[in-house]
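Me: I have a structure open and would like to go through it step by step. Could you help me read it?

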Amino acid sequence: MDASEILIQNVDKTQLPPLHQKRILAFVNNFLISSCSFLNEFVVKCETKFIELERKLQKVEAALIILEAKLASIPDEEFKGSEIPATEKLENELESSSKEMPFEKEEEEKEQGHQGVKACDHELFKKYFKMVQVGVPTQAVKIKMQAEGLDPNILDNPNTSITSNTDIIS
C-alpha cells in the first residue's frame, strides 16, 4: 500500500477507537509550551534590536548636536542664528532691501533684470550650504530645511536663480 492510497481509502471513522484523552492533552500542552517559548524568544530578540537601534539613534543625535555646535562656531558675518521662521526672514529681508537700497544698487538690479540671486549666495540658504560644506549629510540638511518651511530641492542646484518667494518656500 502506498501512502496516497491510505489517504484516499474510504474508512468509516465512527468504527475507529477514540484517542486517549491524556495523549491529546499532552500534545496540546506540548504545542502551547513550544509556541509560548518561541514567542518569548522572539520578543526578547525584538527588544534587544530596539535597544540597539535606540543607542544608535542617540549616537547620531549626539553627533548632530556636535556638528551643529561646530557649525555655529564657524564665523560668518552674514549668518545670524536667529530663530525667526523662514517666511518672516524673507519678508524682513525684502522690506529692508527695498527701504535701504542705495541708488546704485537699484540700477544694478534693473540691469540684471529677472536674474535674481544665486541660491548659494542667498541669505536664507547660506547656512545650509555651509552645513553641507562642513560635512553634514545632505539629507539631514534637507530635512532641516523642510522643517523650517524652505524648499529642500534648492540644495541640489546651488546656482539656481531665486527671484521670488515661491522659489524659496516649499
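Me: Let us start inside. Which residues have the most contacts in the largest nonpolar core?
Reply: Those residues are Phe125, Tyr128, Val141 and Met145, and the largest nonpolar core has 14 residues. Please keep in mind that this is a predicted model.

Me: Which helices supply at least two residues each?
Reply: Helix α5, residues 123-134, and helix α6, residues 138-147, each do so. The largest share of the core comes from α5, with 5 residues.

Me: Then let us stay with α5. Which of its residues are buried?
Reply: The buried residues in α5 are Leu124, Phe125, Lys127, Tyr128, Phe129, Lys130 and Met131.

Me: How does the length of α5 agree with what a helix of 12 residues should span?
Reply: At 1.5 Å a residue, α5 should span 16 Å. Its end C-alpha atoms are 18 Å apart, which agrees.

Me: Take Phe129. Is it buried or exposed, and why?
Reply: Phe129, which lies in helix α5, has a relative accessible area of 12%. Buried means under 20%, so Phe129 counts as buried.

Me: What does Phe129 touch beyond its neighbours in sequence?
Reply: Leaving aside residues within four places in sequence, Phe129 is in contact with Ala119, Cys120, Ile154, Leu155 and Pro158. Of these partners, Ile154 is 25 residues from Phe129 in sequence, and their C-alpha atoms are 9.8 Å apart in space.

Me: What comes just after α5?
Reply: Gly135 is found there, with a positive phi of about 120°. Gly135 belongs to the loop between α5 and α6.

Me: Is Gly135 buried or exposed?
Reply: Neither word applies, because Gly135 has 47% relative accessibility and counts as partly exposed. From C-alpha to C-alpha, Gly135 is 8.4 Å from Leu67, although the two are 68 residues apart in sequence.

Me: Changing topic: how many helices and strands are there in the chain?
Reply: The chain has 7 helices and 2 strands. Starting at the N terminus, the order is α-α-α-α-β-α-α-β-α.

Me: Where does Val117 lie?
Reply: Val117 lies in strand β1, which covers residues 117-118. With 37% relative accessibility, Val117 is partly exposed.

Me: And what does Val117 touch?
Reply: Not counting residues up to four places away in sequence, Val117 touches His122, Thr160, Ser161 and Ile162. The C-alpha atoms of Val117 and Ser161 are separated by 5.3 Å, while the two residues are 44 apart along the chain.

Me: What share of the contacts with a separation of 6 or more joins residues 24 or more positions apart?
Reply: That share is 58% for the chain.

Me: And what share of the residues is buried?
Reply: Of the 170 residues in the chain, 14% are buried.

Me: Now the aromatic residues. How many aromatic pairs does the structure hold?
Reply: The structure holds 1 aromatic pair. The pair is formed by Phe38 and Phe42, whose ring centres are 6.5 Å apart.

Me: Why is that pair called stacked?
Reply: The planes of the two rings are at 20°, and planes under 30 degrees apart count as stacked, so the pair fits that description.

Me: Where are Phe38 and Phe42 placed relative to each other in the helix?
Reply: They are 4 residues apart in helix α2, so about one helical turn separates them. In general, an α-helix has 3.6 residues a turn, so residues three or four places apart point the same way.

Me: Are those two buried or exposed?
Reply: Phe38 is exposed, with a relative accessible area of 53%, and Phe42 is partly exposed at 47%.

Me: How many disulfides are there?
Reply: The structure holds 0 disulfides. As for individual cysteines, Cys36 is partly exposed at 45% relative accessibility, and Cys46 is partly exposed at 27%.

Me: Finally, which elements have the highest and the lowest mean pLDDT?
Reply: Helix α2, residues 21-73, has the highest at 94, and helix α4, residues 103-112, has the lowest at 46. Over residues 97-114 the pLDDT is below 50, and this stretch has 5 contacts beyond near neighbours in sequence.

Me: And what is the mean for the chain?
Reply: The mean pLDDT of the chain is 76, with 68% of the residues at 70 or more.

Key: Residues numbered from 1 in each chain as written. Predicted model: local features only at pLDDT ≥ 70, side-chain atom pairs only at ≥ 80, totals over all residues. Heavy atoms only, no water. pLDDT = per-residue confidence, 0-100. Contact = heavy atoms within 4.5 Å. Core = buried A, V, L, I, M, F, W, Y, C linked by side-chain atoms within 4.5 Å. Buried < 20%, exposed > 50% of the residue type's maximum accessible area, 1.4 Å probe, protein only. Disulfide = S-S within 2.5 Å. Expected span 1.5 Å × (residues − 1). Phe/Tyr/Trp six-rings, centres within 6.5 Å; stacked < 30°, edge-to-face > 60°.
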